[in-house]
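Please open the model in your viewer and keep a selection tool at hand. The tour below goes from the whole chain to a few chosen residues.

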Amino acid sequence: MSSSTQKVGFVSLGCPKALVDSERILTQLRVEGYEIVPSYDAADVVVVNTCGFIDAAVQESLDAIGEALEENGKVIVTGCLGKRAEVIREAHPDVLAITGPQDYASVMNAVHAQLPPRHDPHLDLIPSPTKGSRSRRRAGGEDADADVGIKLTPKHYAYLKISEGCNHRCTFCIIPSMRGDLVSRPVDEVLAEAEKLVRHGVRELLVISQDTSAYGVDLKYAERDWKNGKVRTRMTEMCAALGDLGAWVRLHYVYPYPHVDEVIALMAEGKILPYLDIPFQHSSPRILKLMKRPAASAKTLERVLAWRKACPEITLRSTFIVGFPGETEAEFDELLDFLDAAQLDRVGAFAYSPVDGARANELPGAVPGEVKQERLERFMAKQAQISAARLQRKIGTTLQALVDHVGKDGAVARTAADAPEIDGLLHIVDGQKLKPGQFVEVRVEAADEHDLSGSLAVRHT
């Protein structure tokens, strides 16, 4: 590439949804002829895609902006924290521009203002290979392709974002103020992207949104042409069509609405992975009401038991908040009892943290910090026992796994029960000759509270 090419550095922070935003911005930069470089020194300007959901994420974003300013001096800020421009300007008044999440046009305009493109994008529409991007979440994973654009994930899996925004107004959350109300992508667009990804080597599609269960409600579940028929813009129908593409399909951010039962049936049929990421947040009806959670009145435990009966192989992942304002010791104990009864496979938990702009901050009965921390520790200790026991039951079984990494000590893979970066791993002790993106059968020989290890059930040479 010519030395005169305009060079952009990129820092990507936050959740998988923000990662997809980064991929789209990077792809557009490459389409317009910019080179993506892996260091501050080599960049003419740096774009920082921020997160602003909780205070720790805000601070991480501000620190990243400060580092970029110190190391390079020319910084464009985008992402969720961009919705709070005054916070950024107060800490870093010298940033060149600030835009909000998924505002790709404004990011490109800011780049153009600093680095006018030196060629006609109509004459060079194909993204060319890049040398890597500076990313706090992915190192060396950037890839460009004429059909699918730049990806910051390994070549064998990709995030598939089906919608933006959220219609709910949970009292602890400020996402709608940052990303707006639900806007679903038409199902034919989602399926066309998924098909391209699979055609270019993606073996696992990770379906993401703010509320996957609500997919299509804003479009009134409109029918769209797909292949030789029609498909409704609705979660179940989309999942069924994705299941025909020959890749693993994993669902994230699902709320426990009644129609979730329909996708459990698809899991039982083997159309999509028997895996459900469903943020329950609590088990107390009173706390859920204070949180203004959708489906707060649902009989959650009954639903969980029914799902396990319909699909015994299902893996259930969830997240919870402990120490929410007003949470009593009895309600926390109720949450621990729920863990015992539900036997969830994967669980994350957070002590409630006031987020600037969240309505929950106004609720009475703030739980003291030391009490929140003590409850969090008790909660995680309880779940660690449950997770360890559930993994122990897998010893002696043979599981299909998708290889992520290979080294001299063997291979690291994931099973149907493991989403990348947030769940456990399967260490294959004799997997030195495997390749990333390869499906293998592994005999499980050991387990701890997070991970499995084992040997190949069929020798690969």
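How many positive and how many negative side chains does the protein have, and how far apart do the centres of the two sets lie? If you colour by charge in this predicted model, you will find 55 positive and 65 negative side chains, with the centres of the two sets 3 Å apart.

Next, select the whole chain and show it as a cartoon, in which 12 helices and 20 strands make up the secondary structure. Switching to the C-alpha trace, you can follow a span of about 60 × 60 × 50 Å along the principal axes. The radius of gyration is 23 Å, which agrees with the value near 23 Å that a compact globule of 461 residues would have. Of the contacts between residues at least 6 apart in sequence, 73% join residues at least 24 apart.

Now turn on the surface, whose accessible area comes to about 19,400 Å², with 52% of it belonging to carbon and sulfur atoms. Buried residues account for 55% of the 461 in the protein.

To look inside, hide the surface and select Leu242, Leu276, Trp307 and Phe379, the residues with the most contacts inside the largest nonpolar core, which has 52 residues. Add helix H11, residues 329-342, which gives the most to this core, namely six residues. Centre the view on Phe379 and, leaving aside its neighbours within four places in sequence, display its contacts, which are Phe320, Val322, Phe332, Leu335, Leu336, Leu339, Val347 and Ala349. Apart from that core lies another, of 29 residues, and selecting Met108, Leu115, Tyr157 and Leu273 will show you some of its members.

Move on to Gln210, in the loop between strand E9 (204-208) and strand E10 (223-226). Is this glutamine buried or exposed? Gln210 has a relative accessible area of 16% and is therefore buried, since the cut-off for that class is under 20%. Beyond its neighbours within four places in sequence, Gln210 is in contact with Lys17, Gly165, Cys166, Ile175, Arg179, Tyr253 and Tyr255.

Keep Arg179 displayed and select Ala18, which touches Arg179 as well as Leu13 and Asn49, when residues up to four places away in sequence are not counted. Ala18 belongs to helix H1, residues 16-31, and at 3% relative accessibility it counts as buried. As a last step, draw a C-alpha to C-alpha distance from Ala18 to Gly52, which should read 11 Å for two residues that are 34 apart in sequence.

Note on methods
Residues numbered from 1 in each chain as written. Predicted model: local features only at pLDDT ≥ 70, side-chain atom pairs only at ≥ 80, totals over all residues. Heavy atoms only, no water. Helix = DSSP H or I, 4+ residues; strand = E, 2+ residues; numbered from the N terminus. Rg over C-alpha atoms; globule rule 2.2 N^0.38 Å. Buried < 20%, exposed > 50% of the residue type's maximum accessible area, 1.4 Å probe, protein only. Contact = heavy atoms within 4.5 Å. Areas by Shrake-Rupley, 256 points an atom, 1.4 Å probe, with all protein chains shown as cover. Lys, Arg positive; Asp, Glu negative; His and termini not counted. Charge placed at Lys NZ, Arg CZ, Asp CG, Glu CD. Core = buried A, V, L, I, M, F, W, Y, C linked by side-chain atoms within 4.5 Å.
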